[in-house]
Amino acid sequence: MVKKIITYIALFILGFCFLLPFAIMILGSFKDVQFAQLDPLFWIPDDPTMKNYIYIMRDGMFVRWILNSVIITVIPVATQMLFCAVLGYIFAKKQFIARETIFWIFMAVIMIPQQLLIIPKYIMFSDFGWINTYWALIVPELWGIMGVFLVRQFLQSIPNDLEEAAYIDGANDIQIFFKVILPLAVPVVATVGTFSFISNWNDLFQPLIYLTQEKMFPITLGLASMLGKEGNFGIEMAGSAVSFIPTFLIFLFFQRYFTEGIQMSGMK
Amino acid sequence: MTSKKSKLPLGERLKREWKRNAIVYIVLIPVIIHFIIFQVYPFLLSFYLTFMDWKVIGDPEFVGLKHWKYLLTDKLAWKAIWNTVMFSVYYIVPTMALGLVLALIINSGVKFAGFFKGIFFLPVVTSFVIVAGIWGWLFRGTEAGLINYLLSFIGIEPQLFLSNSSQALAVLAGLSIFKVAGTTMIYYFAGLQSIDRGLYEAARIDGASPLKIFWNITFPLLKPIHFYVAITTTIGSFQIFDSAYLLTGGGPSYATTTIVYYLYEQGFTSLNLSYASVLSYVLFSIILVISLVQRKYLGKDSNHY
């Protein structure tokens, strides 16, 4: 009984601490900015206002940043889901030349930190004319090794009988992939998609390097530039809250896939 | 079967293979080309860069080991490495401990466990920019900061936090702990669920206290998870950048200049791309060593996760 009470107290204290920053964000975003800058409890609004939201929505840049984020997120998420599913299937079930060697070369590359590739990629993209374009952030992210690994692991545990039955019924490779394999792989493909969404939507480092024009910024970089220059807590928090909405929705619907994906892959 | 195949001329064999697996190769060849362009080539290019003087404009010039030699005498680089190690000290054990505590609570059969699991995991999916924005406000170095306000209740003078060179790194580590503990919780939660219930029952029948059960059963049986989490957290801590960029800009007086922050500053503020490549190899070497340690001690077990 005592143990139970302690557990619940710990649960509520920790829960409160984890939610507090989000509460500050939401409440702070409804706060008028003019007074009480020096009050530490400033984030609790006594006179809620939509002013901050109206301000950021009127500021053309903010909407543009959100759109940029959508573009550089949605395209890679879609292609990652498709390509990782196809490649995962190929590496799990198909017999072809050097299959294992190719796969393990792919896997070895995961050990290279992305910070090492950023300088040569910056030079390459300068040559391609990709600096300040979406290409630099979309093309390299079209598929991902970790996603292929996840799908492969998942499909290896599925017996070959289903495929064989479909072959006997006269289905070809493409039909088998779309009608037999893909429906089975929905949970793992959703995992790949959610991971890809979160990492692209939240990425700060790559946009920081490849983009210098403000109108090309994704929302992360846009918000970062607001942090530096607005000096206005309410507006910052309103911006944060709006940019948090897509993440939060994805999180709400796909939380299960996320946590399973982490357990399965050992990914961060 | 294989011996019969190998007697055919190579051209014929490839032709048959193509016929059998055409669709596989149609998919695979572009993917391999993409892989070479965006992974393999940059990796090799960055090594080549370390031996060149590469300004953004003009032709590269071969300078041999110049940049590597400079690394040995560059006090700031060593400071950055030291800062990163210190960051790990602040970060690794608390992240593991908090993750374990969260997992234990979630796993103890409390009500609304799923809901709280979601709350603890929420920071993981939130961008660093949002968390840093709030964090910077919480840890304002004046009496107006919420943390300083709370500290005043227990009689502690207002702290400077982000503008104090001996506190800034710890505050950044606090931000990372908050942001990452949810991931650690998931690993520990999976580990806890795989422990045989029978062991607990047997211990309870023997009259062992909850604390004894934890130290003698739960904690040791989580050993592979401890090891795995320690490795991934360490690798993560060496790559830390976002919070330093957003909150301190590497300061005050280089106190939060981590390896990646220094790399960024050298490469993209000072446009010293060659030297930044050397630094990226320093980072790579450290991560490689950590990964090899993991391989050695975890071996095949690592396939579990």
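**Entry 1: helix 13 of chain B**

I take helices as DSSP runs of H or I that are at least four residues long, numbered from the N terminus. On that footing I looked just past helix 13 of chain B, where B:Leu271 takes a positive phi of about 50°. I note here that the model is predicted, and I read the values below with that in mind.

I then asked how many residues of helix 13 (residues 259–269) of chain B are buried. The count is 9 of the 11, so this helix is largely enclosed by the rest of the structure. The buried residues I wrote down are B:Ile259, B:Val260, B:Tyr261, B:Tyr262, B:Leu263, B:Tyr264, B:Gln266, B:Gly267 and B:Phe268.

**Entry 2: three single residues of chain B**

I went next to B:Gly182, which sits in helix 8 (residues 168–193) of chain B. With a relative accessible area of 0%, B:Gly182 is buried, because buried means under 20%. Setting aside neighbours within four places in sequence, I found B:Gly182 in contact with B:Phe120, B:Phe121 and B:Val124. I also noted the separation of B:Gly182 from B:Ile287, which is 105 residues in sequence and 23 Å in space, C-alpha to C-alpha.

B:Thr95, in helix 4 of chain B, likewise counts as buried, at 0% relative accessibility. Not counting residues up to four places away in sequence, B:Thr95 touches B:Ile177, B:Val180, B:Ala181, B:Thr184 and B:Thr233.

For B:Asn21, a residue of helix 2 of chain B, I asked whether the side is buried or exposed. B:Asn21 is buried, with a relative accessible area of 5%, and, leaving aside neighbours within four places in sequence, this residue is in contact with A:Lys94, A:Gln95 and A:Phe96 of chain A.

**Entry 3: a helix pair across the two chains**

I stayed with helix 2 (residues 10–49) of chain B, which packs with helix 5 (residues 114–128) of chain A at an angle of about 100°, the axes being 8 Å apart. Since 65 to 115 degrees counts as roughly perpendicular, that is the term for how helix 5 of chain A lies to helix 2 of chain B. From helix 5 of chain A, the residues that meet the partner helix are A:Leu116, A:Leu117, A:Ile119, A:Pro120, A:Lys121, A:Ile123, A:Met124 and A:Phe125. From helix 2 of chain B, the list includes B:Phe38, B:Tyr41, B:Pro42, B:Phe43 and B:Leu49. I sorted the residues of this contact into 14 nonpolar, 2 polar and 1 charged.

**Entry 4: empty space**

I looked at the second largest pocket, whose volume is about 950 Å³. Of the 24 residues that line this pocket, the closest to its centre are A:Lys3, A:Thr7, B:Leu104, B:Ser108 and B:Pro210. The elements giving two or more residues to the lining are helix 1 (2–29) of chain A, together with helix 4 (75–107), helix 9 (197–205) and helix 10 (210–221) of chain B. Which element gives the largest share of the lining? I found that helix 1 of chain A does, with 6 residues. By class, the lining holds 14 nonpolar, 5 polar and 5 charged residues.

Turning to enclosed space, I counted 6 cavities of 30 Å³ or more, and the largest cavity holds about 70 Å³. The lining of the largest cavity is made up of A:Ile72, A:Leu137, A:Glu141, A:Asn200, A:Asp203, A:Gln206 and A:Pro207, which I sorted into 3 nonpolar, 2 polar and 2 charged.

Notes
Residues numbered from 1 in each chain as written. Chains lettered and ligands numbered in written order. Predicted model: local features only at pLDDT ≥ 70, side-chain atom pairs only at ≥ 80, totals over all residues. Heavy atoms only, no water. 1 Å grid on protein atoms, 1.4 Å probe; cavity = no way out; pocket = protein on both sides within 12 Å on 5 of 7 lines; lining within 4 Å. Points joined across faces, edges and corners; volume = space filled by probe spheres on them. Nonpolar A, V, L, I, M, F, W, Y, C, P; charged D, E, K, R; others polar. Axes fitted to C-alpha atoms, helices over the stretch in contact; angles between N-to-C directions. Parallel < 35°, antiparallel > 145°, perpendicular 65-115°, else oblique. Contact = heavy atoms within 4.5 Å. Buried < 20%, exposed > 50% of the residue type's maximum accessible area, 1.4 Å probe, protein only.
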